[in-house]
Amino acid sequence: MKSRSIVILISGRGSNMRSLVEANLPDCRIAVISNRPDAAGLAYARERGLATAVVDHRAHATRPAFDAALAEAIDAHGADLVVLAGFMRILGVDFVARYQGRLLNIHPSLLPAFPGTHTHAQALAAGVRIHGCTVHFVTPALDSGPIVIQAAVPVLPDDDPDTLAARVLAQEHVIYPQAVRWFLAGQLQLTAAGQVRLSAGAGRAATAALIAPQTDAA
Ligand code: GAR
């Protein structure tokens, strides 16, 4: 099988990027691009010998100019799939259209609940008992788009945003490699009508519940 090219976009720590690199995805080359020269994840990517690049948003006067420079850097790798992994810039309509059907994002909430930032604090403030994370195809609206897979975790009585974030992050590191594996295997597609198509086996796995809330009577 022809080797595929995955470009992972990061802005910071890069733990999701790391989980993808360490997932031993079959037949693919991975490159990492950051919009921040000081992103901690870049050091890891360089240590692993991956191709890296920085497209600093501060060097571009407008959003379209930044998006164009980013697209040029992505296309230099002939990307089959673009993976947003903690990439904290809003991308324009033209950029999103250019990569339609091959642009994935992970968000630390059970979308459509809690888009935006500080999702764990939002979940605690709302008093939800179940929280989680979502992998979705990207559409122009912020943190929205056809959902590929979600993982749920319980919210515990003594949680603070950090403990809850850690529980969710562990699941992010499970579902993102899973979604990318499906994509590479041709089991995951975005239809022309904008819906997620998963092959039967993948679809069953995607809907399997990851938690079973318990009652006192258990
Ligand atoms: C992750 O929790 C990811 O879901 C979130 O940023 C974190 C990045 O961590 N993304 C968003 O909030 C996107 N709206 P990482 O750099 O360690 O992967």
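UniProt positions are given here in the numbering of this chain, with feature names shortened, and such annotations may be inferred rather than shown by experiment. This is a predicted model, where local features need pLDDT of at least 70 and side-chain atom pairs count only at pLDDT 80 or more, while totals for chains, interfaces and linings use all residues. Residues are numbered from 1 along each chain as its sequence is written, and side-chain values use heavy atoms, with hydrogens and water left out.

**Exercise 1. Work out what the annotated domain looks like and how the chain is divided.**

Step 1: Start with the record. The unreviewed UniProt entry carries the annotation "domain: Formyl transferase N-terminal" over residues 6-180.

Step 2: Check the make-up of that stretch. Residues 6-180 are 35% helix and 23% strand, with the end C-alpha atoms 9 Å apart. Helices (H or I, at least four residues) and strands (E, at least two) are DSSP runs, numbered from the N terminus.

Step 3: Now split the chain. The domain assignment gives domain 1 (1-99) and domain 2 (106-199); bounds like these come from an automatic or database assignment. Taken over C-alpha atoms, the two domain centres are 19 Å apart.

Step 4: Look across the boundary. Contact means heavy atoms within 4.5 Å, and 19 residues of domain 1 are in contact with 14 residues of domain 2.

**Exercise 2. Find the hub residues of the largest nonpolar core, then follow one of them.**

Step 1: Pin down the term. A nonpolar core is a set of buried Ala, Val, Leu, Ile, Met, Phe, Trp, Tyr and Cys residues joined through side-chain atoms within 4.5 Å. Buried means under 20% relative accessible area, exposed over 50%, and partly exposed in between (1.4 Å probe, protein chains only).

Step 2: Pick the hubs. The largest core has 43 residues, and Ile6, Ile8, Val135, Val148, Tyr176 and Val180 touch the most other members. Helix H6 (residues 161-184) is the top contributor, with 9 residues. At least three residues come from each of domain 1 and domain 2.

Step 3: Follow Ile6. Beyond four places in sequence, its contacts include Leu25, Ile30, Leu81, Val83, Val180 and Leu184.

Step 4: Don't miss the other one. A second, separate core of 21 residues includes Val82, Leu84, Phe95 and Tyr99.

**Exercise 3. Describe the ligand site, paying special attention to His107.**

Step 1: List the surroundings. Residues near the ligand, having a heavy atom within 4 Å of it, include Arg13, Gly14, Asn16, His107, Asp143 and Glu172.

Step 2: Look for polar contacts, meaning pairs of N or O atoms within 3.5 Å; within protein, one must be able to donate a hydrogen and the other to accept it, and residues adjacent in sequence count only if both atoms are side-chain atoms. A backbone N or O atom of Gly14 is 2.7 Å from a ligand oxygen. A polar side-chain atom of His107 is 3.2 Å from a ligand nitrogen, and an N or O atom in the side chain of Asp143 lies 3.2 Å from a nitrogen atom of the ligand.

Step 3: Place His107. The unreviewed UniProt entry marks His107 as "active site". His107 sits in strand S5 and counts as buried because its relative accessible area is 3%. Leaving out residues up to four places away, His107 touches Thr134 and Asp143, among others.

**Exercise 4. Is His136 buried or exposed, and which backbone oxygen lies 3.2 Å from its side chain?**

Step 1: Locate His136, which is in strand S6 (residues 130-137).

Step 2: Read the accessibility. His136 is buried, as its relative accessible area is 2%.

Step 3: Find the partner. The backbone oxygen of Ser144 is 3.2 Å from a polar side-chain atom of His136.
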